[in-house]
Amino acid sequence: MPTPSPKPDISSRKPTLNGRKGTKLIGGHFSPEVSTQLRIIAAEEGTTVQSLLGEALDDLFVKKGRSRIVSG
């Protein structure tokens with residue numbers, strides 16, 4: 001009779017960062033050029049890609065007649 005495989009040790013998983021509590025990951029697949037442009041703009045403006053994406057989402061919400069949610 002085969003021996004059962006050991007269960008994974010979930011205690012070794014990386015803990016969630018406190019800054020991510022109460023948030024949801026939103027993702028998409030884009031060309032490498034999109035990633036590069038975002039990183040370049042973020043570096044030029046001294047900000048993060050996440051901040052730029054939040055700004056872009058807020059602009060989209062306003063364009064679609066919704067309230068700003070992400071950035072102040």
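## Helix α1 and the residue after it

Gly46 adopts a positive phi of about 65° just after α1, a helix being a DSSP run of H or I with at least four residues, numbered from the N terminus. This is a predicted model, in which local features need pLDDT of at least 70 and side-chain atom pairs count only at pLDDT 80 or more, while totals for chains, interfaces and linings use all residues. Residues are numbered from 1 along each chain as its sequence is written, and side-chain values use heavy atoms, with hydrogens and water left out.

## Packing of α1 and α2

Helix α1 (residues 32–45) and helix α2 (residues 49–63) have axes that come within 9 Å and cross at roughly 100°, the axes being lines fitted to C-alpha atoms over the stretch in contact, with angles running from 0 to 180 degrees between N-to-C directions. That crossing makes α1 roughly perpendicular to α2, a term that covers angles of 65 to 115 degrees.

The contact (heavy atoms within 4.5 Å) is made by Leu38, Arg39, Ile41, Ala42 and Glu45 of α1 together with Val49, Leu52 and Leu53 of α2. By class, this contact has six nonpolar, no polar and two charged residues, where Ala, Val, Leu, Ile, Met, Phe, Trp, Tyr, Cys and Pro count as nonpolar, Asp, Glu, Lys and Arg as charged, and the others, Gly among them, as polar.

Terms used: Helices (H or I, at least four residues) and strands (E, at least two) are DSSP runs, numbered from the N terminus. Angles under 35 degrees count as roughly parallel, over 145 as roughly antiparallel, 65 to 115 as roughly perpendicular and the rest as oblique.
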